[in-house]
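Work through the following exercises with the sequence and the model side by side, and try each task before reading its solution.

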Amino acid sequence: VGVGIKPKTAVDVLLPLVDLVDMVLIMTVEPGFGGQKFMADMMPKISFLREKYTDLEIEVDGGVSPSTIQHCADAGATMIVSGSAVVNSENPKETITYMRDIVNQAIQKTPA
């Protein structure tokens, strides 16, 4: 079970729900339209959740691409949704592998 919030929703609304869910989704664009610009100012929401809930699956969706994936991984995201960056890539497999590797490297650096 997962719960998500869009950019204008405060992260603290999730606190009463975190222990009831398996995953939290942080939208980094306003939902509904593909190809929007990544909102880096959503990264503190991810960092806040990661600091409080070290085992929580945190997913990021919206504008995630090879140029923004490091921000997501460094903030503590463990799951990534990437639409336009993958389907518009000259080599989707390479793009997916690159982004997966960045997230996995960040997970490996996280203290247990």
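**Exercise 1.** How many bridges join strand E2 to strand E3, and do the two run parallel or antiparallel?

*Solution.* Bear in mind throughout that this is a predicted model. Begin with the two stretches themselves, since strand E2 covers residues 23-27 and strand E3 covers residues 57-61. Five bridges join E2 to E3, and the two strands run parallel. Next, place individual residues along this pairing: leucine 25 stands opposite glutamate 59 in E3, while methionine 27 stands opposite aspartate 61 in E3.

**Exercise 2.** Place E2 and E3 in the order of the open sheet, and state which strands lie at its edges.

*Solution.* The sheet is open and has four strands in the order E1-E2-E3-E4, with parallel pairing. Its edge strands are E1 (2-5) and E4 (79-81), each of which pairs on one side only. From one strand to the next, the twist averages 20°.

**Exercise 3.** Trace how the chain passes from E2 to E3 and on to E4, and give the handedness of each unit.

*Solution.* E2, helix H1 (residues 43-52) and E3 form a β-α-β unit that is right-handed. From E3 the chain then crosses through helix H2 (residues 69-75) to E4, and this β-α-β crossover is also right-handed. E3 and E4 run parallel and are joined by three bridges, with valine 81 in E4 as the bridge partner of aspartate 61.

**Exercise 4.** Describe the second largest pocket by its volume and its lining.

*Solution.* The volume of the second largest pocket is about 230 Å³. Of its 19 lining residues, those closest to the centre are Gly35, Gly62, Gly63, Gly83 and Ser84. Sorted by class, the lining has seven nonpolar, 10 polar and two charged residues.

Definitions and conventions
Residues are numbered from 1 along each chain as its sequence is written. This is a predicted model: local features need pLDDT of at least 70, side-chain atom pairs count only at pLDDT 80 or more; totals for chains, interfaces and linings use all residues. Side-chain values use heavy atoms; hydrogens and water are left out. Two strands pair if DSSP finds at least two bridges between them. Axes are lines fitted to C-alpha atoms, for helices over the stretch in contact, and angles run from 0 to 180 degrees between N-to-C directions. On a 1 Å grid over the protein atoms alone, a cavity is a set of points where a 1.4 Å probe fits but cannot get out, and a pocket is an open set with protein on both sides within 12 Å along at least five of seven lines; lining residues have an atom within 4 Å of a point. Grid points are joined across faces, edges and corners, and a volume is the space filled by probe spheres set on the points. Ala, Val, Leu, Ile, Met, Phe, Trp, Tyr, Cys and Pro count as nonpolar, Asp, Glu, Lys and Arg as charged, and the others, Gly among them, as polar. A crossover is right-handed if, with the strands pointing away from the viewer, the path from the first strand over the helix to the second runs clockwise.
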